[in-house]
Structures are given as C-alpha cells and as structure tokens.
Amino acid sequence: MAHAPLSAADRKLLETTPPEALFAALKRVLFAKGLVAPEEIPAQIAQTERASPLIGAQIVARAWTDPAYRALLLAEPARAVEAFGVSLTGAPPLGVLENRPGQHHLIVCTLCSCYPRAVLGYPPFWYKSAAYRARAVRDPRGLLAEWGTVLPAGTEITVVDSTADYRWMVLPMRPSGTEGWDEARLSALVRVSDLIGMTVPEAPA
Ligand code: FE
C-alpha cells in the first residue's frame with residue numbers, strides 16, 4: 001500500500017487532535033468504506049485482552065511434544081493457533097521461526113511495536129523501547145549477553161523485523177533435561193522473552 005506523505009497542515013492536525021477524536025474519525029472512515037464492521041472492533045479488543053504469553057507458551061509446548069503439530073505450526077501458523085482458540089482473521093499473518101542448533105532468531109519491530117498480540121498478548125515494555133529496537137539490529141549478540149543469553153559458539157543470530165504486514169514469534173529449542181515432561185510442565189518453562197528470542201528456555205538445574 002502506498003502512502004502519500006502528510007502535509008505540514010495534516011501533521012499539525014494529527015498532533016493536536018485528541019486521540020479519542022482521531023479514533024472516532026478513523027472508525028467512521030473504516031465503516032464507511034466497508035473495511036471493518038462495527039462489531040469487529042470490540043471483538044478484536046476482547047481477543048487481545050484475553051491473549052497472553054501463556055498462549056504462546058502452550059503452543060510451544062505442544063510443538064515440542066507433537067511432531068505433527070510442530071510441522072503444522074511452521075507451515076500454517078494461523079491454522080495451528082486455532083487449536084488454542086485464537087483466530088487470526090483480520091490480523092496480519094503470523095510467522096513462526098524455529099531455533100535450531102547453530103541458528104537463533106531474535107524478533108524486533110524496528111519501526112514501532114508490531115507484535116503477534118493475538119497469540120502473545122501485549123508486548124513487554126522493553127520491546128517498544130528505542131534502545132531495544134536499535135540495539136537488536138546493531139549488536140544482537142551483545143544485547144543477548146546482557147540478558148544472560150549466551151549462545152553456543154558459532155551460532156548464527158538472525159534478526160527478524162516484525163511489521164504491520166507480518167508478525168513473528170520464535171519456536172525455541174526444547175531444553176535438555178525435560179525428557180518425558182508433559183505439555184503443562186513444559187509450557188511453564190517458556191517465558192515471553194523466549195518467544196521473542198531474547199532468552200532461551202532452560203530446565204531448572
Ligand atoms: Fe511496529
């Protein structure tokens with residue numbers, strides 16, 4: 001979608017109009033164009049309020065224990081998350097990035113705070129910070145080290161930009177020492193930062 005640059009007058013109007021008035025105006029345009037139905041907005045807000053990293057953790061735990069689910073999650077994330085009552089209808093596509101030995105993924109929205117809210121809830125505060133957004137790109141290994149995430153030597157870190165068009169989550173590696181664990185026990189290991197790639201799940205020593 002191409003965007004015409006805002007005129008100085010439009011920019012001024014945007015900056016000085018109260019957010020509630022902007023939201024009301026945006027809704028009027030979306031409804032008038034038939035892009036969004038009035039009942040879709042409260043439904044979307046309710047889904048986001050219900051979502052939390054606990055859903056992401058459950059998805060990961062199932063992928064760790066069920067190879068068919070893992071394959072579906074990587075191939076068709078939108079279908080896979082339906083198993084947890086999440087609908088991505090009307091939401092940007094979700095991509096799932098699988099960490100493997102030698103290959104780690106870190107997710108950032110360099111522009112703002114794009115995040116797969118339907119499956120992970122609201123992003124953690126640091127995800128939106130200018131410092132995270134800049135450093136994730138400039139020095140991902142140093143940033144991870146500050147969080148205590150030291151990857152095996154030779155591990156490649158791929159930084160992936162979450163955008164308005166595509167939202168990403170990480171499928172971390174199942175930690176060793178969790179053989180025989182069930183889904184509930186495994187999902188309790190998975191933290192929000194594991195789902196972004198800032199940390200990796202670890203079994204308690
Ligand atoms: Fe964004």
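Let me begin with a definition: when I say helix, I mean a DSSP run of H or I of at least four residues, numbered from the N terminus. With that in hand, helix 2 covers residues 19–32, and just after helix 2 there is Gly 34, which takes a positive phi of about 75°. Helix 2 itself has 14 residues and reaches 20 Å from its first C-alpha to its last, close to the 20 Å expected at 1.5 Å a residue. Please keep in mind throughout that what you have in front of you is a predicted model.

Now the chain as a whole. The protein chain holds 11 helices and 4 strands, and its C-alpha trace spans about 60 × 35 × 25 Å along the principal axes. Of its 205 residues, 38% are buried. If we take contacts between residues at least 6 apart in sequence, 67% of them join residues at least 24 apart.

Next, the iron ion. Which atoms of the protein serve as its donors? They are the SG atoms of Cys 109 and Cys 112, together with both the N and the SG of Cys 114, and they lie 2.1 to 2.6 Å from the iron ion. In sequence, the donor residues follow the spacing C-x2-C-x1-C. The angles subtended by the 4 donor atoms run from 81 to 134°, and the arrangement is irregular because a tetrahedral call needs all angles between 85 and 135 degrees. For reference, the ideal angle for four tetrahedral donors is 109.5 degrees. As for how covered these residues are, Cys 109 counts as buried because its relative accessibility is 1%, whereas Cys 112, at 34%, counts as partly exposed.

Let me turn to strand 2, which takes in residues 103–108 and has 6 of its 6 residues buried. Both of its faces are covered, with Gln 103, His 105 and Ile 107 buried on one side and His 104, Leu 106 and Val 108 buried on the other. Strand 2 runs parallel to strand 3, residues 156–161, and 6 bridges join the two.

Within strand 2 I would like to pause at His 105, which stands opposite Thr 158 in strand 3. Is His 105 buried or exposed? At 8% relative accessibility it counts as buried, since the cut-off for that word is under 20%. Not counting residues up to four places away in sequence, His 105 touches Leu 97, Glu 98, Asn 99, Thr 158, Val 160, Val 170, Ile 196 and Gly 197.

One of those partners, Ile 196, lies in helix 11, residues 192–196, and with 1% relative accessibility Ile 196 counts as buried. Leaving aside neighbours within four places in sequence, the contacts of Ile 196 include His 105, Leu 106 and Ile 107, and also Tyr 115, Pro 124, Trp 126, Tyr 127, Tyr 132 and Val 170.

The other pairing I want to show is between strand 1, residues 94–98, and strand 4, which are parallel over 5 bridges, with Leu 94 standing opposite Arg 167 in strand 4. Strand 4, residues 167–171, is mostly covered, as 4 of its 5 residues are buried.

That brings me to the largest nonpolar core, which has 46 residues, and in which Ile 59, Leu 73, Val 119, Tyr 127, Tyr 132 and Met 169 touch the most other members. Helix 4, residues 53–65, gives the most to this core, with 7 residues. Leu 73, leaving aside its neighbours within four places in sequence, is in contact with Ile 59, Ala 63, Ala 80, Val 96 and Leu 171.

Helix 4 deserves a closer look. At 1.5 Å a residue its 13 residues should span 18 Å, and its end C-alpha atoms are 19 Å apart, which agrees. The buried residues of helix 4 are Ile 55, Gly 56, Ala 57, Ile 59, Val 60, Ala 61, Ala 63 and Trp 64.

I will end with Val 60, which sits in helix 4 and counts as buried because its relative accessibility is 0%. Beyond its neighbours within four places in sequence, Val 60 is in contact with Met 169, Val 170, Leu 171, Pro 172, Val 190 and Leu 195. Finally, Val 60 and Glu 183 are 123 residues apart in sequence, while their C-alpha atoms are 8.9 Å apart in space.

Notes:
Residues are numbered from 1 along each chain as its sequence is written. This is a predicted model: local features need pLDDT of at least 70, side-chain atom pairs count only at pLDDT 80 or more; totals for chains, interfaces and linings use all residues. Side-chain values use heavy atoms; hydrogens and water are left out. Donors are N, O and S atoms within 2.8 Å of the metal (3.2 Å for Na, K and Ca); water is not among the atoms, so sites may look incomplete. Four donors count as tetrahedral if all angles lie between 85 and 135 degrees; four count as square planar and six as octahedral if opposite donors are over 155 degrees apart and all others between 65 and 115; anything else is irregular. Buried means under 20% relative accessible area, exposed over 50%, partly exposed in between (1.4 Å probe, protein chains only). Two strands pair if DSSP finds at least two bridges between them. Contact means heavy atoms within 4.5 Å. A nonpolar core is a set of buried Ala, Val, Leu, Ile, Met, Phe, Trp, Tyr and Cys residues joined through side-chain atoms within 4.5 Å. The expected span of a helix is 1.5 Å times one less than its number of residues.
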